[in-house]
Amino acid sequence: KHMKKLIALAMAGVMALGMLAGCGNGNAAPTATAAPAATNAPASNETAAPASDGGKIVIGGINDLTGSRSVTGNAINNGVLMAVEEINAAGGILGKQIDYVVYDNKNDGQETINAYTRLADVDKASAVITTDASGIFMSLIEVSTEKGVPVLGMPSDPRAVADTEGTGEVYPYCFLTGQCNAPQQAAIIAQYVAENTDMKKAALFYDQSNAYAVAYMNGFRDLWTAKGGEITIEQTCNATDQDFSTQLSKIKASGAEFICTPNPTAQLVIMVQQAAQLGLKIPYVGAQDMSDPFLSLLDNPAVVGKAYFQSSVYMGDPSLDTFNANYETRFGEPATIKAVNGYDTMYILKTAIEAAGSADRDAIKAAMENSIQNLDLLCTDSYTEDGATHSPKDLGMAVYEITDGVLEYKTYLQP
């Protein structure tokens, strides 16, 4: 499985030292300092490999490199950068080197719009790879329609790529890549919990300011009740909240058998430790933010007695061994799921450009809709982008359990 990708990765590892000379930051992970939004100036101009005039394809990158979600943003960016380095070392795309130009959006919608506009108008990017933050990605819907530069990312809220509450039509230049959307993720974990446990009573606890968490919870609620499950209580919080004791006390009194909580990692760390202090010891059903580095951020990982969650890929799969080793060598830290997302998305874009036969923006858009079929990626060896939904088709997810602070891969399920 993934044999041709492993060969490419092995080659990249051998050639890494030669390539790094053209990568602005040496052996360190790329960083950037954003200019004020009002200037619309670049946060960074990082070129993954040198290219001659007229012999390059500009790919834009927009992610949170210094803000509140910088751990995730840098992982996505690193994954893209590693793929760019491999592709350039192998001759580029259509005989041209990739010029990867990166901007720091500091997890801010206006910064994201400014960066995208600069990439479209000044840098002349053929396409843009960006965030997994649904709310931030949605800030690009209007401007991408205006500018016509395809934007690929991992926003799990279906509203990021289609007008789900209106016409139902997809936004022409917005694409979800590399992972299922939030309702599909919720369906996978609801199915697993329903079929592998005796639990029936769920408490829902989610960040109402987080687009992903809301979309996930809407999907879980519908699927869980359809399977005969019960919702004992719903509690919400906001992104800046630090004290969840009131909500957790109400959950404890509700008779719930587990807490469904698709909240970001930082909130989860606070929440599970406060739950332990309150003597609330029921299992958690979560989402991708329960994957690494969640457990390592807890003072005592064993406070998570039992948890169930889904994730884009099983990082311990032997087919990822070479990728994991090369990533750690390149960036000095272990690869995460978000790095896989960024890496796979760059290879999806490479395939689209090759299918288009040029770096023309509309040709790339058409190729994204019609030519991304059965790709051999890290997340799957048969990846297909559905042109009708601008989202992956029939893509499953890995399911994990945590028992007394120990993470274990269990199975792979499709929605």
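This passage describes two helix pairs and the nonpolar cores of a predicted model.

Two packed helices are described by the angle between their axes and the distance between the axes. For helix α2 (residues 70-89) and helix α10 (residues 321-331), the axes come within 11 Å and cross at roughly 105 degrees. This angle makes α2 roughly perpendicular to α10. On the α2 side, the contact is formed by Ala75, Asn78, Gly79, Leu81, Met82 and Glu85, which meet Phe323, Asn326, Tyr327, Arg330 and Phe331 of α10. Sorted by class, the residues of this contact comprise 6 nonpolar, 3 polar and 2 charged.

The second pair joins helix α11 (residues 337-356) and helix α12 (residues 361-370), with axes that come within 8 Å and cross at roughly 115 degrees. These helices are therefore roughly perpendicular to each other, and their crossing is right-handed. Here Ile348, Leu349, Ala352, Ile353, Ala355 and Ala356 of α11 meet Ala363, Ile364, Ala367 and Met368 of α12. The contact of α11 with α12 holds 10 nonpolar residues, with no polar and no charged ones.

Turning to the interior, the largest nonpolar core has 72 residues, of which Ile59, Tyr216, Phe220, Val285, Phe323, Met346 and Leu349 touch the most other members. Helix α11 gives the most to this core, with 10 residues. Phe323 also takes part in the contact of α10 with α2, and Leu349 in that of α11 with α12. Apart from neighbours within four places in sequence, Val285 is in contact with Ile189, Val193, Tyr216, Phe220, Phe258, Ile259, Cys260, Thr261 and Tyr308. A second, separate core of 28 residues includes Phe205, Val269, Val272 and Leu280.

Methods: Residues are numbered from 1 along each chain as its sequence is written. This is a predicted model: local features need pLDDT of at least 70, side-chain atom pairs count only at pLDDT 80 or more; totals for chains, interfaces and linings use all residues. Side-chain values use heavy atoms; hydrogens and water are left out. Axes are lines fitted to C-alpha atoms, for helices over the stretch in contact, and angles run from 0 to 180 degrees between N-to-C directions. Helices (H or I, at least four residues) and strands (E, at least two) are DSSP runs, numbered from the N terminus. Angles under 35 degrees count as roughly parallel, over 145 as roughly antiparallel, 65 to 115 as roughly perpendicular and the rest as oblique. Contact means heavy atoms within 4.5 Å. Ala, Val, Leu, Ile, Met, Phe, Trp, Tyr, Cys and Pro count as nonpolar, Asp, Glu, Lys and Arg as charged, and the others, Gly among them, as polar. A crossing is left-handed if the near helix is turned anticlockwise from the far one by less than a right angle, and right-handed if clockwise. A nonpolar core is a set of buried Ala, Val, Leu, Ile, Met, Phe, Trp, Tyr and Cys residues joined through side-chain atoms within 4.5 Å. Buried means under 20% relative accessible area, exposed over 50%, partly exposed in between (1.4 Å probe, protein chains only).
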